[in-house]
Amino acid sequence: MIDVRSMAQLQLLRRLKPQNLCSANKFSSVPKQESAQIDTEPAGNPVTNPLDHPDLFDVKSLFTLQDLFKARVHLGHKDGLLDSYMKPYLHGIRQRQTVIDLEQTVPRLQLALNFAAHIAYRDGIILLVNRTSQFSQLVERTATECGEYAHTREWQGGCFTNAWIQFGPGTRLPDLLVFLHTLEDAFVQHRGVRDAAKMNIPSIGIVDSNADPRLITYPIPGNDDSPAAMELYCRLFKTAILRGKERRKAEEKV
């Protein structure tokens with residue numbers, strides 16, 4: 001028989017929320033209309049658990065669907081290179097050119113930016129990954145500007161799975177990988193995607209129409225070859241990461 005008193009106590013515990021997360025500081029919510037500033041003063045309803053807030057860092061204000069369209073994010077590869085797992089993310093095919101559905105890209109990109117901001121807010125290590133030599137300097141500069149790390153060279157096998165032997169004990173792995181290009185070439189998936197999945201490291205990835213999104217934690221359907229699109233991605237992720245860090249620093253001063 002079910003103990004009614006025990007069930008009542010269990011329901012009461014589920015309603016309770018922790019008053020503090022990692023420190024004695026209380027978190028205040030950020031008004032959506034003031035996205036450029038971090039509110040350090042306690043609001044009427046302070047955020048006791050930042051993960052409960054749907055958009056704590058107001059990343060939804062960073063871009064619009066029109067911005068993605070102007071940056072050619074919707075343009076995929078030819079239909080002959082189409083990966084079967086990317087078909088649900090397509091709007092259609094026109095003159096053998098795949099067209100990515102930006103209505104699906106927008107919420108997925110917002111979710112990924114919010115996750116990256118939370119990792120930065122928690123003082124996590126973020127690694128930006130790109131194998132295309134054309135954008136190596138852009139990715140490295142973006143990582144430097146937001147105080148994170150970049151990997152734009154050939155991926156060494158066992159970089160994560162064998163890190164304690166290659167780099168010594170106590171090696172800390174990244175808390176998040178952001179793949180701005182998920183392929184080594186037109187057909188081969190980046191080996192870092194597989195290694196991150198093996199080590200349960202969350203990943204964000206821009207997946208073009210010729211990519212396989214299954215091993216990416218937060219896949220973002222979009223063009224990964226256009227310079228305008230790559231510049232947009234780098235700007236968005238840099239801004240989201242900096243917002244997370246600025247909020248953490250502001251709350252540490254309180």
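Rings of Phe, Tyr and Trp (for Trp, the six-membered ring) count as an aromatic pair if their centres lie within 6.5 Å. With that in mind, welcome to a set of close-up views of this predicted model.

**View 1. W155 and F160 bring their rings together in an aromatic pair.** The structure holds 3 aromatic pairs. One of them joins W155 and F160, with 5.1 Å from centre to centre and 85 degrees between the planes, an edge-to-face arrangement. Both partners are hidden from the surface: W155 is buried at 1% relative accessibility, and F160 is buried at 4%.

**View 2. C146 and C234 stay unbonded.** How many disulfides does the structure hold? The count is 0. A disulfide is a covalent bond between the sulfur atoms of two cysteines. For C146, the closest cysteine sulfur belongs to C234 and lies 9.2 Å away, so the two are too far apart for a bond. Seen from the other side, the closest cysteine sulfur to C234 is that of C146. C146 is buried, with a relative accessible area of 2%, and C234 is buried too, at 4% relative accessibility.

**View 3. E148 and K245 form a salt bridge.** Side chains of opposite charge can pair when their charged atoms come close. Here, the closest N and O atoms of E148 and K245 are 2.8 Å apart. E148 sits in the loop between α4 (136-145) and β5 (149-151), while K245 belongs to helix α7 (residues 227-253), so the pair ties together parts that are 97 residues apart in sequence. Are these two residues buried or exposed? Both E148 and K245 are buried. Their bridge is one to keep in mind when looking over the whole structure, where a search finds 12 salt bridges.

**View 4. E154 and R191 meet in a salt bridge between distant parts of the chain.** The N to O distance between their side chains is 3.6 Å. E154 is in the loop between β5 and α5 (163-166), and R191 is in helix α6 (residues 191-198), 37 residues apart. E154 is exposed, with a relative accessible area of 56%, whereas R191 is partly exposed, at 29%.

**View 5. R248 and E252 form a salt bridge within helix α7.** Their closest N and O atoms are 3.8 Å apart. The two residues are 4 residues apart, which is about one turn of the helix. Their surroundings can be read from the accessibility values: R248 is buried at 16%, but E252 is exposed, with a relative accessible area of 54%. D123 joins R248 and E252 in one network, built from salt bridges that share partners.

**View 6. L176 is a buried residue of strand β6.** This strand spans residues 176-179. L176 has 0% relative accessibility, which means that it counts as buried. Which residues does L176 touch, leaving aside those up to four places away in sequence? Its contacts are F115, A116, I119, I125, I126, L127, I201, P202, S203 and I204. For a sense of spacing, look also at L128: L176 and L128 are 48 residues apart in sequence, and their C-alpha atoms are 8.6 Å apart in space.

Technical notes:
Residues numbered from 1 in each chain as written. Predicted model: local features only at pLDDT ≥ 70, side-chain atom pairs only at ≥ 80, totals over all residues. Heavy atoms only, no water. Disulfide = S-S within 2.5 Å. Buried < 20%, exposed > 50% of the residue type's maximum accessible area, 1.4 Å probe, protein only. Salt bridge = Lys/Arg side-chain N within 4 Å of Asp/Glu carboxyl O. Phe/Tyr/Trp six-rings, centres within 6.5 Å; stacked < 30°, edge-to-face > 60°. Contact = heavy atoms within 4.5 Å.
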